[in-house]
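Here are a few notes to go with the model. Have it open while you read.

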Amino acid sequence: MTLVPVTYKGGIYQHDIIMDLIEDLGGYIVQKHIIAAEVVLQCFVPKDDIELIRTIAKPIFGEVTDSPLVGTEIAIVSMSLEIHHLPHPSCDIAEYVRRIGAKSNMVSLARGPGKRIAGLNDEERDVINEHDVAVYLLGNFETCIEYKMPTLRRGIEVPIVLCGGPDEEALRRIINPPVEGYVGNVGRFMRRTKEADQLDKLDEVVAEITRVVEKKRNDIAKDPLSVSPARLMDLIREKVPAILDVTSPTPLTVQMRGLRVKLPYDTFAAPLRAIEIEDGIKLGDVAEVAPSRMRDYILVKILPFSETNTVI
Amino acid sequence: MAALEYFEVECPEPLGGEYYRQITNDVLLDHNLLKVIEKLHIYIDPRVPVFVAVGTLRKITTIVRVRDFANVNPLEGKITLVISDETYLAPMLKIFWETFGKDHVEQPDRFTVMLYDVKMDPKQIEDMVVADPSESLFRDLIYAFRCVAPEGFRLRSEKFAKDKFSFVASENTLAEDIDALVVTKFALIGVKP
């Protein structure tokens with residue numbers, strides 16, 4: 001059964017029918033937002049059953065759309081939190097990515113700006129590495145990007161999508177070794193992105209991120225994970241009731257290779273490892289439970305089939 | 001950028017220069033400073049790196065008086081002020097409190113202020129000076145250029161006079177001959193030191 005990421009949008013009336021349906025079909029609801037009288041569900045559903053959901057959602061005016069970024073956690077790396085970079089373009093991009101299902105976190109560097117003085121510390125590096133993709137938002141000058149990029153990417157193991165002021169060819173020329181994605185003509189600007197051409201640029205950023213995410217999905221498919229992150233999410237929600245008291249918008253953040261559990265590591269690492277998934281196989285057997293560099297959260301890294309020899 | 005007589009951004013990277021032209025335009029527009037600046041020349045060289053902004057200023061004589069944003073209506077021992085723009089409401093109330101005392105000033109809603117038992121002529125009230133925007137002009141200009149200049153350029157040298165200004169920023173120690181560079185940029189807009 002292939003699960004595909006989709007977003008369901010509809011009225012609050014009878015939306016539980018859709019939720020029950022998704023669960024009955026073997027899908028998972030990753031995030032649920034209720035905004036006024038509208039419900040947005042970001043979920044994984046079986047590929048063959050999308051039409052069925054559409055048919056059942058039709059009388060209650062629900063819409064099902066493809067959302068390739070559902071179930072990914074993306075780091076939007078902004079050079080600083082100053083007025084120079086915020087709210088435009090960093091927040092604009094972070095928000096736009098969120099609309100199509102990704103969980104985006106803004107990672108702002110302590111010493112990001114400048115040319116010679118730019119740097120990346122170990123905490124920033126580790127936090128970025130905890131994400132699925134890092135989107136670097138750099139400035140307008142080729143010279144500066146060429147000079148500082150080697151410093152800013154040192155130790156980064158996740159795919160990088162680079163956004164900068166110079167056009168794409170220039171970015172490709174100056175970055176060596178190449179990064180996974182490039183979006184040119186998106187450097188520093190100080191106006192809200194609301195015109196059609198600016199929104200097209202944001203679409204371009206999203207398309208590039210999607211391309212990189214798809215490539216990573218294909219890589220993962222070659223050596224599949226021992227258990228689906230969405231399944232683990234459901235299981236943790238069921239077996240660790242403390243997660244229900246967490247007030248964060250996404251207490252369990254699904255990633256492509258694992259999930260972030262927003263509970264203190266010291267107290268909850270052992271109970272998490274002991275959760276039984278199926279037939280005596282515990283979570284600790286198929287995943288690594290590690291402390292996250294983000295607050296005192298827990299990072300569950302699911303091991304691939306090649307290491308555990310089990311897929312459940 | 002129609003309000004400026006002269007506006008140029010000089011940069012070895014043409015595309016980068018174009019972006020900085022846009023940024024400058026947006027920032028000056030946001031901070032309402034386009035009316036103040038007459039000529040502006042910006043020079044950025046990311047290779048050095050250095051950011052230089054030189055320009056001339058227009059004379060500003062816009063003192064804000066009560067009559068500019070309020071209608072003063074005297075009626076049966078009380079004076080009613082109908083406010084059309086709230087921007088200067090707070091400083092105006094402060095001046096009224098100091099001049100007439102809090103007992104004589106009342107504000108029933110956001111756009112109305114009433115003065116009771118005030119001896120002053122309504123004409124005089126209309127002429128009262130509420131604010132002088134030129135007081136904070138240099139501060140606003142410096143803030144605006146800090147927003148325009150690349151963020152890493154934290155070593156700055158600013159010179160603001162009544163009719164002209166220069167703003168230099170870099171991430172390295174400013175070169176000793178930086179003043180000579182500023183003079184050449186001033187020459188481009190026709191200003192002699």
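**Notes on the strands**

1. Start in chain B: B:Leu81 has B:Val113 of β8(B) as its bridge partner. Five bridges hold β6 (residues 78–83) and β8 of chain B together, in antiparallel fashion. Strands here are DSSP runs of E, at least two residues, and helices are runs of H or I, at least four, numbered from the N terminus; two strands pair if DSSP finds at least two bridges between them.

2. A word on the source: this is a predicted model, where local features need pLDDT of at least 70, side-chain atom pairs count only at pLDDT 80 or more, and totals for chains, interfaces and linings use all residues. Residues are numbered from 1 along each chain as its sequence is written, with chains lettered from A and ligands numbered from 1 in the order written.

3. On its other pairing, β8(B) runs antiparallel to β7 (residues 105–109) of chain B, with three bridges. B:Glu106 is matched with B:Met114, and a hairpin of two residues links the two strands.

4. Which side chains of β8(B) are buried? B:Val113 and B:Leu115, on one face, are buried, while B:Thr112, B:Met114 and B:Tyr116 point the other way and are not. (Buried: 20 or more other C-beta atoms within 10 Å of a residue's own, C-beta atoms being placed from the backbone.)

5. Over in chain A, there is an open antiparallel sheet of four strands, ordered β10-β11-β15-β14. β10 (252–254) and β14 (287–291) of chain A are at the edges with a single partner strand each, so one side of each has no neighbour in the sheet.

Notes. A residue is buried if 20 or more other C-beta atoms lie within 10 Å of its own, exposed if 12 or fewer, and partly exposed in between; C-beta atoms are placed from the backbone.
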